[in-house]
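Please open the structure in a viewer and have the selection tool ready. The tour moves from one selection to the next.

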Amino acid sequence: MFKGKLGLLKTKQKLKCGKTLSYAHATIHLPPDALEAVGIAVGDKYVVKRTDDRLFTIKKSRNVSCRVLTEADAIKFTPTHKLEFAGNLCAIAAQDMPLTDVDFHLEDDALVFELPDAVKITATQATQIARYEERERRKEEKADIGWKEVIAGKTGAAAAVALDSYRYATKETPVYMSQLEDLLREEGHRLSRINERLYMLDGKSATSADLLQLAQKYQKGLVLVTD
């Protein structure tokens, strides 16, 4: 475990298009031994990335566009390295925050830290977190369901779609053409088959893709299978 600090400075940058971009310029203070532990020396390039929700990593990088670690400064008579990164590239909202104590720990070849509670995240990241939590909730609900139960009564492509939906906690539902036709008729549409590829839908010709697109308005996540 290493002790460090994280600070944010709300910054404005004028873009070539004439618009102004507001973002948080982030600064990290770390002791030399913390960076030595992950093999980052003066002159090496490093990258700061968000990995999961509010967790971030610092790793050595070979990317030519990454920042270079500079010599340590003496802050209160203690050698301290300053690392910088743009908060908007890591979904941190534009804001100010004074240097705040942060704990860093080793994980494989990276230093890992968590954003302080005071740091605001962008709406995009908040949406991603909500989606992640929803996926995890669905996974927990399905934890007691075996894969054999998931594909019961299904074969071929229908079974594959159902199994993938179960594994990755998505909302895809396999549907056969006959089921698709029944769904649309139940919703009040006039539907008849012209041939294997064409249908008459409410007085107009339509393909199976048209039927699927219309059916998805009533039930999202439908996947048409043909076997």
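The stops below cover a sheet, the helices across it and a group of aromatic rings.

This is a predicted model, in which local features need pLDDT of at least 70 and side-chain atom pairs count only at pLDDT 80 or more, while totals for chains, interfaces and linings use all residues. Residues are numbered from 1 along each chain as its sequence is written, and side-chain values use heavy atoms, with hydrogens and water left out.

**The sheet.** Select residues 191-193 and 204-207: these are β11 and β13, the edge strands, each pairing on one side only. They belong to an open sheet of 3 strands in the order β11-β12-β13, with antiparallel pairing. Strands are DSSP runs of E, at least two residues, and helices are runs of H or I, at least four, numbered from the N terminus; two strands pair if DSSP finds at least two bridges between them. Next, select β12 (residues 198-201), which 4 bridges join to β13. Leu 201 stands opposite Lys 204 in β13.

**The helices.** Select residues 177-186: helix α5 lies across β11 and β12, at about 150° to β11. Helix α6 (residues 208-215) lies across β11, β12 and β13, at about 90° to β13. Contact means heavy atoms within 4.5 Å; axes are lines fitted to C-alpha atoms, for helices over the stretch in contact, and angles run from 0 to 180 degrees between N-to-C directions.

**The aromatic rings.** Finally, select Phe 56, Phe 85, Phe 104 and Phe 113, which form one aromatic cluster. Rings of Phe, Tyr and Trp (its six-membered ring) pair if their centres lie within 6.5 Å; planes under 30 degrees apart count as stacked, over 60 as edge-to-face and the rest as tilted. Phe 56 and Phe 85 are both buried (under 20% relative accessible area, 1.4 Å probe, protein chains only).

Terms used:
Buried means under 20% relative accessible area, exposed over 50%, partly exposed in between (1.4 Å probe, protein chains only).
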